[in-house]
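Me: Here is a chain I would like to go through with you. Can we take it step by step?

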Amino acid sequence: MADTQVMERVTTKEAARELNMDVETLQFLLRNDRIPIGYAVKKEKATRYSYYIYRGLLDTYKKKIAGN
């Protein structure tokens, strides 16, 4: 896998669609470190999270849950 693909970012909407779940569930899982495809960051004094999902981690996770 090319390094650029590993570091490519994916939106929460796209990742949720690929994982067949809604965006809110995906965001919850990321905030609680329950899914290994990226991470959620909430800056000090911020009210919202930023979500970082990486193509390489998402593809690896999809293969794992598919049993490949």
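Me: How much area does the chain expose, and what share do carbon and sulfur atoms supply?
Reply: This is a predicted model, where local features need pLDDT of at least 70, side-chain atom pairs count only at pLDDT 80 or more, and totals for chains, interfaces and linings use all residues. Residues are numbered from 1 along each chain as its sequence is written, and side-chain values use heavy atoms, leaving out hydrogens and water. Accessible areas come from the Shrake-Rupley method with a 1.4 Å probe, and for residues only the protein chains shown count as cover. The chain exposes about 5100 Å², and the carbon and sulfur share is 48%.

Me: What percentage of the residues count as buried?
Reply: Buried means under 20% relative accessible area (1.4 Å probe, protein chains only). Of the 68 residues, the buried share is 29%.

Me: Which pattern does the chain follow along the sequence?
Reply: Helices (H or I, at least four residues) and strands (E, at least two) are DSSP runs, numbered from the N terminus. There are four helices and three strands. Read in sequence, they give α-β-α-α-β-β-α.

Me: In what order do the three strands form the open sheet?
Reply: Two strands pair if DSSP finds at least two bridges between them. The pairing here is antiparallel. The order is β1-β3-β2.

Me: Which strands are the edge strands?
Reply: An edge strand here pairs on one side only. That describes β1 (9-10) and β2 (38-41).

Me: Which residue in β3 stands opposite Arg9?
Reply: β1 and β3 (residues 50-54) pair in the antiparallel sense over two bridges. Opposite Arg9 stands Tyr54.

Notes:
Buried means under 20% relative accessible area, exposed over 50%, partly exposed in between (1.4 Å probe, protein chains only).
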